[in-house]
Amino acid sequence: MRRLVPILLLFWLVPSPAHGTAHWYGCLAEPTYRCLIDHAAAEAKQIPGRVPRAYATALVAGAQAVGGLADEARGSAEDARLLGAIVSDVADYGFLVSQIVWARAWAGDLDAANDMLGWTSDPYALALGHAALAEAQSRHGYPEFAERSMRWAMEEAENVRADRGTLLPYLAISHGYIGDAEGVHRLIAEARKVSDADGAPYGRTLAVAAGAVAEAMVGHNEDSDALLTEAEARLKDIEDETDIGVLASHLAWALAEAGDAEGARGVIGQLGQLDLASLTYQRRALIFSYAALALSRAQ
C-alpha cells in the first residue's frame with residue numbers, strides 16, 4: 001500500500017518565511033493544478049528580460065498542455081516563440097524549440113510539433129523534442145508513431161555528452177509515458193551512473209526523483225517508493241531554494257502517478273515553507289510550473 005505523505009523534508013530544510021501573506025501562499029495552503037498553473041503564468045509574464053521570459057513561458061505552455069489546457073498552451077507557446085526569436089545561440093534556441101514542441105504536441109498539434117523539430121539541429125534539443133512528441137503521440141492514440149519518435153530521441157541522445165545528466169532523467173519519464181518499463185529501467189540506471197560520476201547534488205537527486213516518477217508511470221510502485229525514499233534523503237544536501245522546489249515537485253509527481261493524490265498535494269503544500277518572496281519572477285515561474293505538472297497528474 002502507498003504511504004501517505006511521509007515527506008516532511010521541507011520543514012527541516014527551510015525556516016517558515018515571514019512573507020506568508022503573499023498571494024501564492026494561499027494557493028499552496030490548498031494546492032490545486034489550476035491555481036498553480038495560473039501563478040506560474042502570472043510570474044512568467046512579469047519577467048523583465050525577453051529571453052528569460054521566453055523560456056519560462058515555454059515551460060508554462062508545456063505544463064498547461066499536460067494539464068489539458070490546450071488553447072492556453074497554444075497561446076503561451078506562440079508567445080514563447082515570438083519572445084525567443086532573438087536567441088542566437090544554437091543550443092539555447094534548440095532547447096526553447098524543444099519546449100515549444102512539447103507544448104504543441106501535448107495540445108494535440110502533432111503535425112505542427114513534428115515540423116518544428118526541423119527548426120533545430122542541436123542533438124540535446126532533438127532528443128527532448130522527439131521524446132515529447134512520442135509522449136503526445138502515445139497519449140493521442142498513436143503508439144506506433146510514439147515508438148518511432150522515441151527511437152529517434154534515443155538516437156539523438158547518443159550524440160549528447162556534456163549534458164547527459166540532465167537529459168537522461170527526462171528521457172526516462174518519456175519512456176514512462178509510453179509504458180516502456182524496460183526503457184525506464186535502462187535509462188534510470190544510466191542517469192544514476194552519469195550523475196554519480198558528476199557528483200553534483202542536484203543532478204544526483206534529479207536522477208533518483210525522476211526515476212521515481214518514471215517507475216510509478218509503469219506501475220512499479222515499490223520501486224518508485226524506494227527511489228522516493230532515497231530522493232528524500234538526498235534532498236537534504238540541496239541548498240538552493242529553487243532546486244528544492246523543483247525536486248520536491250518531482251517527488252509529488254511520483255506520488256501522483258502512483259495514485260496518491262493526497263500525498264502529492266501534501267508535498268506541494270510544503271513548498272509554502274520556501275521564502276518565495278525573495279526569489280525572482282523567473283524562479284517562481286519555474287517552481288510553480290513543476291508543481292502544476294505534478295498536480296496535473298492528480299486531477
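This note goes through the salt bridges, the nonpolar core, one helix and the main pocket of a predicted model.

1. Salt bridges overall. The structure contains 13 salt bridges. Three of these pairs are described below, and one of the three belongs to a network. As background, side chains of opposite charge can pair when their charged atoms come close.

2. Asp109 and Arg74. These two side chains form a salt bridge with an N to O distance of 2.8 Å. The pair connects distant parts of the chain, 35 residues apart: Arg74 sits in helix H5 (residues 70–83), and Asp109 sits in the loop between helix H6 (90–106) and helix H7 (110–116). Asp109 has a relative accessibility of 15%, which is under the 20% limit, so Asp109 counts as buried. Arg74, with a relative accessible area of 28%, is partly exposed.

3. Glu78 and Arg81. Helix H5 also holds both members of another pair, Glu78 and Arg81, placed three residues apart, or about one turn of the helix. Their side chains meet in a salt bridge at 2.6 Å, N to O. The spacing fits the helix geometry: an α-helix has 3.6 residues a turn, so residues three or four places apart point the same way. Relative accessibility is 31% for Glu78, which makes Glu78 partly exposed. Arg81 is also partly exposed, at 30%.

4. Arg283 and Asp240. A salt bridge joins the side chains of Arg283 and Asp240, at 3.1 Å from N to O. Here too the pair links distant parts of the chain, 43 residues apart, with Arg283 in helix H16 (residues 281–296) and Asp240 in the loop between helix H13 (221–235) and helix H14 (241–257). Arg283 counts as partly exposed at 34% relative accessibility, and Asp240 counts as partly exposed at 28%.

5. Network. Asp71, Arg74, Arg104 and Asp109 are joined into one network by salt bridges that share partners. The Asp109 to Arg74 pair of point 2 is therefore to be read together with Asp71 and Arg104.

6. Nonpolar core. The largest nonpolar core comprises 108 residues, and Leu36, Ile173, Ile268 and Leu276 have the most contacts inside it. Helix H14 gives the most to this core, namely 10 residues. What does Ile268 touch once its neighbours within four places in sequence are left aside? The contacts are Leu28, Pro31, Leu36, Ser249, Ala252, Ala291, Ala294 and Leu295. Leu36, one of these partners, is itself among the residues with the most contacts inside the core.

7. Helix H10. This helix covers residues 164–177. Its 14 residues should span 20 Å at 1.5 Å a residue, and the end C-alpha atoms are 20 Å apart, so the expected and modelled spans agree. H10 is mostly covered, with 13 of its 14 residues buried. Just after the helix, Gly179 adopts a positive phi of about 80°.

8. Largest pocket. The volume of the largest pocket is about 930 Å³. Its lining consists of 31 residues, and those nearest the pocket centre are Leu59, Phe95, Gln99, Tyr170 and Tyr290. Several helices take part: helix H4 (50–66), H6, helix H8 (123–139), H10, helix H12 (201–217), H14 and H16 each supply at least two lining residues. Which helix gives the most to this lining? H8 does, with six residues. H14, which gives the most to the largest nonpolar core, is also among the helices that supply at least two residues to the pocket lining.

Note on methods:
Residues are numbered from 1 along each chain as its sequence is written. This is a predicted model: local features need pLDDT of at least 70, side-chain atom pairs count only at pLDDT 80 or more; totals for chains, interfaces and linings use all residues. Side-chain values use heavy atoms; hydrogens and water are left out. A salt bridge is a side-chain nitrogen of Lys or Arg within 4 Å of a carboxyl oxygen of Asp or Glu. Helices (H or I, at least four residues) and strands (E, at least two) are DSSP runs, numbered from the N terminus. Buried means under 20% relative accessible area, exposed over 50%, partly exposed in between (1.4 Å probe, protein chains only). A nonpolar core is a set of buried Ala, Val, Leu, Ile, Met, Phe, Trp, Tyr and Cys residues joined through side-chain atoms within 4.5 Å. Contact means heavy atoms within 4.5 Å. The expected span of a helix is 1.5 Å times one less than its number of residues. On a 1 Å grid over the protein atoms alone, a cavity is a set of points where a 1.4 Å probe fits but cannot get out, and a pocket is an open set with protein on both sides within 12 Å along at least five of seven lines; lining residues have an atom within 4 Å of a point. Grid points are joined across faces, edges and corners, and a volume is the space filled by probe spheres set on the points.
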